[in-house]
There are 2 protein chains.
Amino acid sequence: MTMSSSIDQRVSLAVSTVIFALRPHPDSGLMTLWLPLVRRIREPYEGQWALPGGPLEADEDLAASAQHTLERTTGLAPHYLEQLYAFGNVDRSPDDRVVSIVYWALVRPDEVARAVDGENVEWFVADELPPLAFDHTSIVDYALARLRAKITYTPIAHAFLPEEFTLAELRAVHEAVLRTTLDPANFRRQALASKTLVPTGTCLQGTSHRPPALFRFEAGAPSPAPEEQR
Amino acid sequence: MTMSSSIDQRVSLAVSTVIFALRPHPDSGLMTLWLPLVRRIREPYEGQWALPGGPLEADEDLAASAQHTLERTTGLAPHYLEQLYAFGNVDRSPDDRVVSIVYWALVRPDEVARAVDGENVEWFVADELPPLAFDHTSIVDYALARLRAKITYTPIAHAFLPEEFTLAELRAVHEAVLRTTLDPANFRRQALASKTLVPTGTCLQGTSHRPPALFRFEAGAPSPAPEEQR
DNA sequence: GGGGGTTAGTGTTGACGTGACTTTAAGGTC
DNA sequence: GACCTTAAAGTCACGTCAACACTAACCCCC
């Protein structure tokens, strides 16, 4: 603990984030998973797309560093943030040794609108990515797998939605993430059985059909540190 | 990526491991989870017990570094090793900033016998630990939760056993880890349904009752990188 | 060598969750 | 008011699993 491994061995520590959001697919119009990428402006992999990230800030916890780097590079403030994995293989960067502690995050549609969409930040369909820098392609694949697994047994879908939402909207999130269709009746049963949805008492008005009830997400027992993981 | 965060900000990177093994409890005689701890010989927390670990080796991947540090400090070679979490809160070490990438491991009983049990390495019952250095108590708690969760939906229990084992032995592992009793008939059905157990054809002889069949663990599809996580 | 003890292994039953599907309710539109 | 559309509730069959009963195969002991 006294010898700093980083000084002697020049291991640099980065924090990156895989950010997911939902918006319609340009071709089909279906709700689809998107994620923002940043164009690299230095070697190695100059000009290629990569995950937003940066060096760990000395005075910040890991999650806070991920969040701030995210804010700085993309302007996004996620509504869900969880550590994904620490990637540190020797050969994952051609020059230096870089250990990346990667987080994954979910953002709401209103955030997406606020995000900077400048020259070096662009949104891509999660399942149709260009070749990425470093090992970021496999990192995104892993994050995708984790998201799809976790949404099936944990109520995180609401992180893609505004405060109040209908069951149809919640189901649309699941369908978009999992790329399937779900039976509305069965989805309703299962969603209400989880006890994490609280009806607001109001209904969404202005539809050309029966008005659906609005719900709000209510956290159950606070999750133990650091996460539950199942 | 060009600025090394570690040099400027003196963040050191450590790799530690929570190692689990099974042996009888000294009081009850029941099979119980144990883990080896290392006594710290330097400040901070000098004299206190801590997880085995050390600085990340420059020429090793993360998992390899965990394995080698383990070998060096405790003499143990695990049969299962998985990344647990990266702990990096600013205040987790009183002096320097230390980010620990923590792994968890399972070892077989024959390994436990081979392990060094010197002055500064000692085995403890996992649920009856003394106060540990740094945030290692909460790390162990998290590893315990992960082990108990993962053993229920993944065939890792065999990593506590020799190559060939009976279903009763496998069930005893589950019971020891989860601290419950399990129905032998239902456990058998569920274990055989997973298709990961291959009968060797032979039976364990020398028992004072009906001889049980011996099984061997056969890996199914190789797990995707980095892990499956569910 | 037969009865009893012990564990291995098989079978049966009922409760529960879930997928597929039907039915009723509540709006708007024409 | 007929009709369309989606919300919401209800029905049914099937598979899973916990609980429990039952048979099988050894050893021990008298």
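This is a short dialogue on reading a few features of a predicted model.

Modeller: In this predicted model, local features need pLDDT of at least 70 and side-chain atom pairs count only at pLDDT 80 or more, while totals for chains, interfaces and linings use all residues. Residues are numbered from 1 along each chain as its sequence is written, chains are lettered from A and ligands numbered from 1 in the order written, and side-chain values use heavy atoms, without hydrogens and water.

Biologist: How many disulfides are there over all chains?

Modeller: A disulfide is a covalent bond between the sulfur atoms of two cysteines. The cut-off here is a pair of cysteine sulfur atoms within 2.5 Å. A search of the whole structure finds zero.

Biologist: Is C203(A) buried or exposed?

Modeller: Buried means under 20% relative accessible area, exposed over 50%, and partly exposed in between, with a 1.4 Å probe and protein chains only. C203(A) has 35%, so this residue is partly exposed. C203(B), at 32%, is also partly exposed.

Biologist: Where does T17(A) lie?

Modeller: Strands (E, at least two residues) and helices (H or I, at least four) are DSSP runs, numbered from the N terminus. T17(A) belongs to strand 1, residues 11-24, of chain A. Its relative accessibility is 1%, so T17(A) counts as buried. Contact means heavy atoms within 4.5 Å; leaving out residues up to four places away in sequence, T17(A) touches residues including L51(A), L81(A) and W104(A).

Biologist: Which backbone atom does the side chain of T74(B) reach at 2.8 Å?

Modeller: The backbone oxygen of L70(B). T74(B) is in helix 2, residues 62-74, of chain B.

Conventions:
Polar contact = N/O pair within 3.5 Å; in protein donor to acceptor, adjacent residues only side chain to side chain.
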